[in-house]
Amino acid sequence: MAVEPSPRFHDDPTAAISANRRTNIQSIRSAVSDTHGRQTLYLEDATSLGHTTAVRPRHAHMTFDVQTAPLADLISSAQFGTTRVIKIDVEGAEAAALRGLLPAFAHLPDDAELVVEVIPRLLAKQGESATGIIDILSENGFQAYTLINDYDPATYPRTMRHPQPPVRCTTVPEEMTDLVFSRTDADHLASGR
């Protein structure tokens, strides 16, 4: 299951799913939030579609409006019941995305984990914080772990061959950080989970 607001990011995988006759993959065109509505998103750099955000940049290459919906309303309870990992990479809208996911927590398996890219600078521009995100998940039984990521694509092959286990998050992130939230309470998460 993929939820993607960008027309191109949604259309490319949808075409690949169709071309490969995949029936076990679904792509939904929407932005995740804690409310139903519409939102303007901005693409700052045409060469990096991953930088689509609700926070208006100084120079926007492209803007588009998209429907918003809580993730708990986009995916069925049955689908959540078989979910092992949820990855949230929403360029500053993490807090709203997580609030929209709260009703689904009761349907997640005990070993389900959330991987959330936290961007404190963009969160602050929306009156949110990394502390707020950690608190939302802590209140729902999840522990925070830091996933080592230097965000340099050149290092990804080496990292994939020799992954480091996520370690207990002991300080609130001040820079872009990938956090793993798990119901496991340990110093680090076991490799190969």
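This text leads through the sheets, the core, the largest pocket and a few single residues of the structure above. The model is a predicted one, and residues are counted from 1 along the chain.

A good place to start is the open sheet of 5 strands, whose order is β7-β8-β11-β9-β10 and whose pairing is mixed. The strands at its edges are β7 and β10 (167-168), each of which has a single partner strand, so one side of each is left without a neighbour in the sheet. From the β7 edge inwards, β7 pairs with β8 in the parallel sense over 4 bridges, and within this pairing I88 stands opposite V116 in β8. Strand β8, which covers residues 113-118, in turn pairs with β11 in the antiparallel sense over 5 bridges, with V118 placed opposite T177 in β11. On the next step along the sheet, β9 (residues 143-147) is joined to β11 by 5 bridges, and these two strands also run antiparallel; here L147 stands opposite D178.

Strand β11 therefore deserves a closer look, since 6 of the 6 residues of this strand (residues 177-182) are buried, and the strand is largely enclosed by the rest of the structure. Its side chains are divided between two directions, with T177, L179 and F181 pointing one way and D178, V180 and S182 the other way, and the residues of both sets are buried.

One of these residues, F181, leads on to the largest nonpolar core, which has 28 residues and in which L101, L114 and F181 touch the most other members. The elements that give two or more residues to this core are α2 (71-74), β7, α4, β8, α6 and β11, a list in which strands of the sheet just described appear beside helices. L101 shows how such contacts reach across the chain: leaving aside residues up to four places away in sequence, L101 touches L71, A72, F80, I86, I88 and L114.

L101 belongs to helix α4, where E94, A95, A96, A97, L98, G100 and L101 are buried. Because 7 of the 8 residues of α4 are buried, this helix is largely enclosed by the rest of the structure. In the loop between β7 and α4 lies E91, which has a positive phi of about 45° although it is not a glycine. Is E91 buried or exposed? With a relative accessibility of 9%, E91 counts as buried, because the cut-off for that class is under 20%.

A second open sheet is formed by 4 strands in the order β3-β6-β4-β5, again with mixed pairing. Its edges are held by β3 (31-33) and β5 (52-53), each with a single partner strand, so one side of each is left without a neighbour in the sheet. At the β5 edge, 2 bridges join β5 to β4 (residues 37-43), and the two strands run antiparallel; the bridge partner of L43 in β5 is T52.

Parts of both sheets come together around the largest pocket, which holds about 1,000 Å³ of space. The elements that give two or more residues to its lining are β1 (2-3), β3, β4, β5, α3 (77-81), β7 (85-88) and α4 (94-101). The lining has 44 residues, and those nearest the centre of the pocket are V3, K87, I88, D89 and V90. Sorted by class, the lining has 23 nonpolar, 13 polar and 8 charged residues.

Three further residues, taken singly, complete the tour. R21 is found in the loop between α1 (7-19) and β2 (27-28); its phi is near 50°, a positive value in a residue other than glycine, and R21 is exposed, with a relative accessible area of 71%. E128 lies in the loop between α5 (120-124) and α6 (130-138) and is partly exposed, with a relative accessible area of 25%. Not counting residues up to four places away in sequence, E128 touches A95, R99 and L123, while its C-alpha atom is separated by 16 Å from that of L101, which is 27 residues apart from E128 along the chain. G132, finally, is found in helix α6 and is partly exposed, at a relative accessible area of 28%. From C-alpha to C-alpha, G132 and V3 are 23 Å apart in space, and in sequence they are 129 residues apart.

Note on methods:
Predicted model: local features only at pLDDT ≥ 70, side-chain atom pairs only at ≥ 80, totals over all residues. Heavy atoms only, no water. Buried < 20%, exposed > 50% of the residue type's maximum accessible area, 1.4 Å probe, protein only. Contact = heavy atoms within 4.5 Å. Pairing = 2+ DSSP bridges. 1 Å grid on protein atoms, 1.4 Å probe; cavity = no way out; pocket = protein on both sides within 12 Å on 5 of 7 lines; lining within 4 Å. Points joined across faces, edges and corners; volume = space filled by probe spheres on them. Nonpolar A, V, L, I, M, F, W, Y, C, P; charged D, E, K, R; others polar. Core = buried A, V, L, I, M, F, W, Y, C linked by side-chain atoms within 4.5 Å.
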